[in-house]
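Welcome! Let us go through a structure together, one feature at a time, by question and answer.

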Amino acid sequence: MGQNDLMSTAEDFADQFLRVTKQYLPHVARLCLISTFLEDGIRMWFQWSEQRDYIDATWNCGYFLASIFVFLNLSGQLSGCILVLSRNFVQYACFGLFGIIALQTIAYSILWDLKFLMRNLALGGGLLLLLAESRSEGKSMFAGVPTMRESSPKQYMQLGGRVLLVLMFMTLLHFDVSFFSILQNIVGTALIILVAIGFKTKLAALTLVIWLFAINIYFNAFWTIPAYKPMHDFLKYDFFQTMSVIGGLLLVVALGPGGVSMDEKKKEW
């Protein structure tokens, strides 16, 4: 009985949080979600020559093609961020940002690095949720006459987004025998399973947001490292990519898990 009371209290807290932040949460979620693209686009501007030289040295493609690559990354990411924040052509912006993820995955050989690949896939999951949200807005004028054909793509986008988002947490698991690591792995695994299957989704996603934000501030504090050290850029990259996943989880909190979830099925039981 005490365990049920604790769960009910936690769910009440999550519901109260959602009611208080309902007007602002989607905007915060979108800002967090695009933060890694915004940071990377700005970095491309200030590190144009370094990025161009790296691509040229890695692929031996010449300065011209390397410069085109940097320009596509810079313009694609910044324009996508502007469109998302202004709520204009969001679907096209999402497809463009998907393309940037795919381009960088190949160009920077992320495809062969499991940790970075999983994080990129998690980032793609956040974009899928953003795409589902924009589809919902686009269909809002037909809210009175819903059809299965219109709702199904959105539902499966939300399912795919949730499943991909949890890949970020797979990269945070530590396989050692310390008590803290074991506890973190058990709790974290339970929460990501709940988000993936859509059970107690808002509470689980909100808990993951708090947990991931705390881990991000503690482990990726790039502002404590001098800017000239390589570790500064590495931690900065990790920090903003993690913030994007937090944005995706906030969208889950704001929008719910969607139709393909245990929470939704419970309403039919």
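## Reading the model feature by feature

A: This is a predicted model, and the structure holds 0 disulfides.

Q: Why is there no bond from the sulfur of Cys-32 to the closest cysteine sulfur?

A: A disulfide needs two cysteine sulfur atoms within 2.5 Å. The closest cysteine sulfur to that of Cys-32 belongs to Cys-81 and is 12 Å away, which is too far for a bond. Cys-81 is in no disulfide either; its nearest cysteine sulfur is that of Cys-94, at 11 Å.

Q: Are Cys-32 and Cys-81 buried or exposed?

A: Here the cut-off helps: a residue is buried when its relative accessible area is under 20%. Cys-32 has 12% relative accessibility, so Cys-32 counts as buried. Cys-81, at 1%, counts as buried too.

Q: How do I check the span of helix H3?

A: Start from 1.5 Å a residue: the 12 residues of helix H3, residues 48–59, should then span 16 Å. The end C-alpha atoms of H3 are 17 Å apart, which agrees.

Q: Which residues of H3 are buried, and where do they lie around the axis?

A: A general idea first: an α-helix has 3.6 residues a turn, so residues three or four places apart point the same way. In H3 the buried residues are Gln-51, Arg-52, Ile-55 and Asp-56. Looking down the axis of H3, you find them within an arc of 130 degrees, so they line one face of the helix. Their packing partners are helix H2 (25–46), helix H4 (62–86) and helix H5 (90–107).

Q: Over which ring does the charged end of Arg-52 sit?

A: The charged end of Arg-52 sits over the ring of Tyr-63, 4.5 Å from the centre of that ring.

Q: What comes just after H3?

A: Just after H3 you meet Asn-60, in the loop between H3 and H4. Asn-60 has a positive phi of about 50 degrees although it is not a glycine. With 69% relative accessibility, Asn-60 counts as exposed.

Q: Where else is there a positive phi in a residue other than glycine?

A: One of the places to look is Ser-109, where phi is near 55 degrees. Ser-109 is in the loop between H5 and H6, and is partly exposed, with a relative accessible area of 35%.

Q: Can we repeat the helix exercise, and what is the expected span of helix H9?

A: Gladly. At 1.5 Å a residue, the 19 residues of helix H9, residues 179–197, should span 27 Å; the end C-alpha atoms are 27 Å apart, which agrees. The buried residues in H9 are Ser-181, Gln-184, Asn-185, Gly-188, Leu-191, Ile-192, Val-195 and Ala-196. They cover an arc of only 150 degrees around the axis, which puts them on the same side of H9. Phe-179 and Ile-186 are exposed on the other side of H9. Just after H9, Gly-198 takes a positive phi of about 75 degrees.

Q: How many aromatic pairs does a search of the whole structure find?

A: A pair of aromatic rings is described by the distance of the centres and the angle of the planes. The search of the whole structure finds 12 aromatic pairs. Among them is the stacked pair of Tyr-54 and Tyr-108, with 5.7 Å centre to centre and 25 degrees between the planes. This pair links distant parts of the chain: Tyr-54 is in helix H3, and Tyr-108, 54 residues apart from it, is in the loop between H5 and helix H6 (114–138). Tyr-54 counts as partly exposed, at 39% relative accessibility. Phe-239 and Phe-240 form an edge-to-face pair, 5.3 Å centre to centre with 85 degrees between the planes. Both Phe-239 and Phe-240 are buried, and together with Phe-222 and Trp-223 they form one aromatic cluster.

Q: What does Thr-242 touch, not counting residues up to four places away in sequence?

A: Thr-242 is in helix H11 and counts as buried, at 4% relative accessibility. Thr-242 touches Arg-119, Met-168, Leu-212, Asn-216 and Asn-220, with residues up to four places away in sequence left out.

Key. Residues numbered from 1 in each chain as written. Predicted model: local features only at pLDDT ≥ 70, side-chain atom pairs only at ≥ 80, totals over all residues. Heavy atoms only, no water. Helix = DSSP H or I, 4+ residues; strand = E, 2+ residues; numbered from the N terminus. Expected span 1.5 Å × (residues − 1). Buried < 20%, exposed > 50% of the residue type's maximum accessible area, 1.4 Å probe, protein only. Arc of directions from axis to C-beta. Contact = heavy atoms within 4.5 Å. Phe/Tyr/Trp six-rings, centres within 6.5 Å; stacked < 30°, edge-to-face > 60°. Lys NZ or Arg CZ within 6 Å of the ring centre and 35° of its normal.
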